[in-house]
Amino acid sequence: MSRIVLAAVALVATLCTSSALAADLAYGSRQPYTVAQPLNMYSWAGPYIGGNLGWNWGGVDNNPTKPSGFVGGAQAGYNWQTGPWVFGIEGDIQGNGASDTFAPWKFSNPWFGTVRGRAGYAINNVLLYGTGGLAFGELTGQTFGGLSESHTNAGWTLGLGAEVGLARNWSAKVEYLYVDLNDSNFTITGAQNGYHFGLLRAGVNYHF
């Protein structure tokens, strides 16, 4: 786990170093600004789409399993900018390899997604933001004899992130989310089971 945190710190440092160099580029005006501001200032306004890769780790409510694994997916969103303040909405869908087996039970989270608001402060081409909103996903349980049961539940998510504009249309980000999917009654365990986990991921976005 400590190696994951150190890798994230190193990635943030790399992005910030890149931003210092990228700040000298002539970005131009990709989208109309919402207020009067310098024309050489990086614009976060407008739609974007991208992809991400990361790692997630967590636990199943009322069960000893602790699924973890690699995760990857795609995101899309839209930003509005007022001076240095950036507000937006983002949705993502993720394929997830997280699973764990303990005694007779195995739990996995094959996929999940989120729809979140974002609010942040831009220092030219560096954006620091908080995010939160709706989460949803599938929790699958298995036990001896090949019995399997799946439930798709909604929940919530909160997180923080940093994004750096590397060129006129490209940016890179690192982000941490905490996701909590609500419990539902699993017949195979005779208990209310849900999945809560932390997610650390890095991604790239293309801004239109």
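Q: What makes strand 8 and strand 9 a pair?
A: Two strands pair if DSSP finds at least two bridges between them. Strand 8 and strand 9 have 11 bridges in the antiparallel sense, so they meet the rule. One of these bridges sets tryptophan 156 opposite aspartate 180 in strand 9. A hairpin of 4 residues connects the two strands.

Q: How do you know which values can be relied on in this predicted model?
A: The model is predicted, and local features need pLDDT of at least 70, side-chain atom pairs count only at pLDDT 80 or more, while totals for chains, interfaces and linings use all residues. Residues are numbered from 1 along each chain as its sequence is written, and side-chain values use heavy atoms, with hydrogens and water left out.

Q: What is counted as a helix or a strand in the protein chain, and how many of each are there?
A: Both are DSSP runs numbered from the N terminus: helices are H or I with at least four residues, strands are E with at least two. By that rule the protein chain has 1 helix and 10 strands, in the order α-β-β-β-β-β-β-β-β-β-β.

Q: What joins strand 7 to strand 8?
A: The two strands run antiparallel and are joined by 18 bridges. Glycine 141 stands opposite glutamate 149 in strand 8. The hairpin of strand 7 and strand 8 has 3 residues between the strands, and glycine 145 there takes a positive phi near 85°.

Q: Why are phenylalanine 107 and phenylalanine 186 called an aromatic pair, and of which kind?
A: Rings of Phe, Tyr and Trp (its six-membered ring) pair if their centres lie within 6.5 Å; planes under 30 degrees apart count as stacked, over 60 as edge-to-face and the rest as tilted. The structure holds 12 such pairs. For phenylalanine 107 and phenylalanine 186 the centres are 5.4 Å apart and the planes make 70°, so the pair is edge-to-face. Phenylalanine 107 lies in strand 5 (residues 105-108) and phenylalanine 186 in strand 9 (residues 170-186), so the pair ties together parts that are 79 residues apart in sequence. Ring pairs also link Phe112, Tyr195 and Phe197 into a cluster.

Q: Are phenylalanine 107 and lysine 66 buried or exposed?
A: Buried means under 20% relative accessible area, exposed over 50%, and partly exposed in between, with a 1.4 Å probe and protein chains only. Phenylalanine 107 has 0%, so it is buried. Lysine 66 has 57%, so it is exposed. Lysine 66 belongs to the loop between strand 1 (46-60) and strand 2 (68-82). Of the 208 residues of the protein chain, 47% count as buried.

Q: What does asparagine 193 touch, and what counts as contact?
A: Contact means heavy atoms within 4.5 Å. Not counting residues up to four places away in sequence, asparagine 193 touches residues including Val60, Phe107, Leu139 and Phe186. Asparagine 193 lies in strand 10 (residues 191-207) and is buried, at 0% relative accessibility.

Q: Why are asparagine 205 and glutamine 75 said to make a polar contact?
A: A polar contact is a pair of N or O atoms within 3.5 Å; within protein, one must be able to donate a hydrogen and the other to accept it, and residues adjacent in sequence count only if both atoms are side-chain atoms. The side chains of asparagine 205 and glutamine 75 are joined at 2.7 Å, so the distance is within the limit. The side chain of asparagine 205 also makes a polar contact of 2.9 Å with the side chain of glutamate 163. Asparagine 205 lies in strand 10 and is buried, with a relative accessible area of 1%.

Q: What makes a residue a member of the largest nonpolar core, and which members touch the most others?
A: A nonpolar core is a set of buried Ala, Val, Leu, Ile, Met, Phe, Trp, Tyr and Cys residues joined through side-chain atoms within 4.5 Å. The largest has 14 residues, of which Leu139, Val179, Tyr195, Phe197 and Leu199 touch the most other members. Strand 7 (126-143), strand 9 and strand 10 each give two or more residues to this core, and strand 9 gives the most, with 4 residues. A second, separate core of 6 residues includes Tyr42, Trp44, Val86 and Leu127.

Q: What makes arginine 118 count as sitting over the ring of tyrosine 129?
A: A charge sits over a ring if NZ of Lys or CZ of Arg is within 6 Å of the ring centre and within 35 degrees of the ring normal. The charged end of arginine 118 is 4.4 Å from the centre of the tyrosine 129 ring, so the distance is within the limit.
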